[in-house]
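Please read the points below with the sequence and the model open beside you. They are meant as a colleague's notes, arranged by topic.

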Amino acid sequence: MCLGIPGQVVRMLDGYGDQLALVDVAGENRKVNVGMLPEETFAPGDWVIIHMGFVVEKTDRAGAEQAMAGLELMGRGASDPDALG
């Protein structure tokens, strides 16, 4: 698993070679490129992991939650006493 941000596909966007999707990322819709995964199909409700504007992995809700938990853990920093358990 790479460092990426989870999101949920809202819809595929017309044009652009069928490579753009509108994805809900923490409540904000973003246009992301799905072209790095040509073997995958994407539909509303699918979960994805995004890195630098590109979908790098198709996942499920559990994978998205795990990715978000990792990001939240990294955001705590070493000065946060809760970060070390």
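The numbered points that follow go from the overall fold to the strand pairs, the core, the salt bridges and the surface.

1. The first thing to keep in mind is that this is a predicted model, and that every value quoted below was computed from it. The protein chain contains 1 helix and 5 strands, and when it is read along the sequence the order of these elements is β-β-β-β-β-α. Of its 85 residues, 28% count as buried. The accessible surface comes to about 5,600 Å², and 53% of that surface belongs to carbon and sulfur atoms. Among contacts between residues at least 6 apart in sequence, 31% join residues at least 24 apart.

2. One pair of strands to inspect is β2 (20–25) with β3 (residues 28–33), which pair in the antiparallel sense over 6 bridges. If you wish to check the register, begin with Leu-20, whose bridge partner in β3 is Asn-33. The hairpin made by β2 and β3 has 2 residues between the strands, and Ala-26 takes a positive phi near 55° there.

3. A second antiparallel pair consists of β4 and β5, which are joined by 5 bridges, with Ile-50 standing opposite Val-55 in β5. These strands also form a hairpin with 2 residues between them, and the turn residue Met-52 has a positive phi of about 55°. In terms of sequence, Met-52 is found in the loop between β4 (47–51) and β5 (54–59).

4. Which residues make up the largest nonpolar core? The core has 11 residues, namely Val-9, Ala-21, Val-23, Val-25, Val-32, Val-34, Leu-37, Phe-42, Val-48, Ile-50 and Val-55. The elements that give two or more residues to this core are β2 and β4, and the largest share, 3 residues, comes from β2. As background to the spacing of such residues, side chains in a regular strand alternate between the two faces of the sheet.

5. Within that core, Phe-42 deserves a separate look. Leaving aside residues up to four places away in sequence, Phe-42 touches Met-12, Val-34, Leu-37, Val-48, Val-55 and Lys-58. Of these partners, Val-34, Leu-37, Val-48 and Val-55 are listed with Phe-42 in the core.

6. The structure holds 4 salt bridges, and the one between Lys-58 and Asp-46 has an N to O distance of 3.4 Å. This pair links distant parts of the chain, since Lys-58 is in strand β5 and Asp-46 is in the loop between β3 and β4, 12 residues apart. Are the two partners buried or exposed? Lys-58 is partly exposed, with a relative accessible area of 28%, whereas Asp-46, at 19%, is buried, because the cut-off for buried is under 20% relative accessible area. Lys-58 and Asp-46 are also linked with Glu-40 in a network of salt bridges.

7. Another salt bridge is formed by Arg-30 with Glu-28, the closest N and O atoms being 3.3 Å apart. Arg-30 counts as partly exposed at 42% relative accessibility, and Glu-28 likewise counts as partly exposed at 42%. In the helix, Arg-61 forms a salt bridge with Glu-65, and here the closest N and O atoms are 4.0 Å apart. Both Arg-61 and Glu-65 lie in helix α1 (residues 61–76), with a spacing of 4 residues, about one turn of the helix. Glu-65 is partly exposed, with a relative accessible area of 47%.

8. Arg-11, which lies in strand β1 (residues 5–12), is partly exposed with a relative accessible area of 44%. Not counting residues up to four places away in sequence, Arg-11 touches Ala-21, Leu-22 and Pro-44. The C-alpha atoms of Arg-11 and Ala-43 are separated by 6.4 Å, although these residues are 32 apart along the chain.

9. Finally, on the surface, Met-36, Met-52 and Phe-54 form a nonpolar patch that has about 350 Å² of accessible area together. Met-52, the residue with the positive phi in the turn of the β4 and β5 hairpin, is exposed, with a relative accessible area of 70%.

Notes:
Residues numbered from 1 in each chain as written. Predicted model: local features only at pLDDT ≥ 70, side-chain atom pairs only at ≥ 80, totals over all residues. Heavy atoms only, no water. Patch = residues over 30% accessible without salt bridge, like charges linked within 9 Å, V, L, I, M, F, W, Y side chains within 5 Å. Areas by Shrake-Rupley, 256 points an atom, 1.4 Å probe, with all protein chains shown as cover. Salt bridge = Lys/Arg side-chain N within 4 Å of Asp/Glu carboxyl O. Buried < 20%, exposed > 50% of the residue type's maximum accessible area, 1.4 Å probe, protein only. Core = buried A, V, L, I, M, F, W, Y, C linked by side-chain atoms within 4.5 Å. Contact = heavy atoms within 4.5 Å. Pairing = 2+ DSSP bridges.
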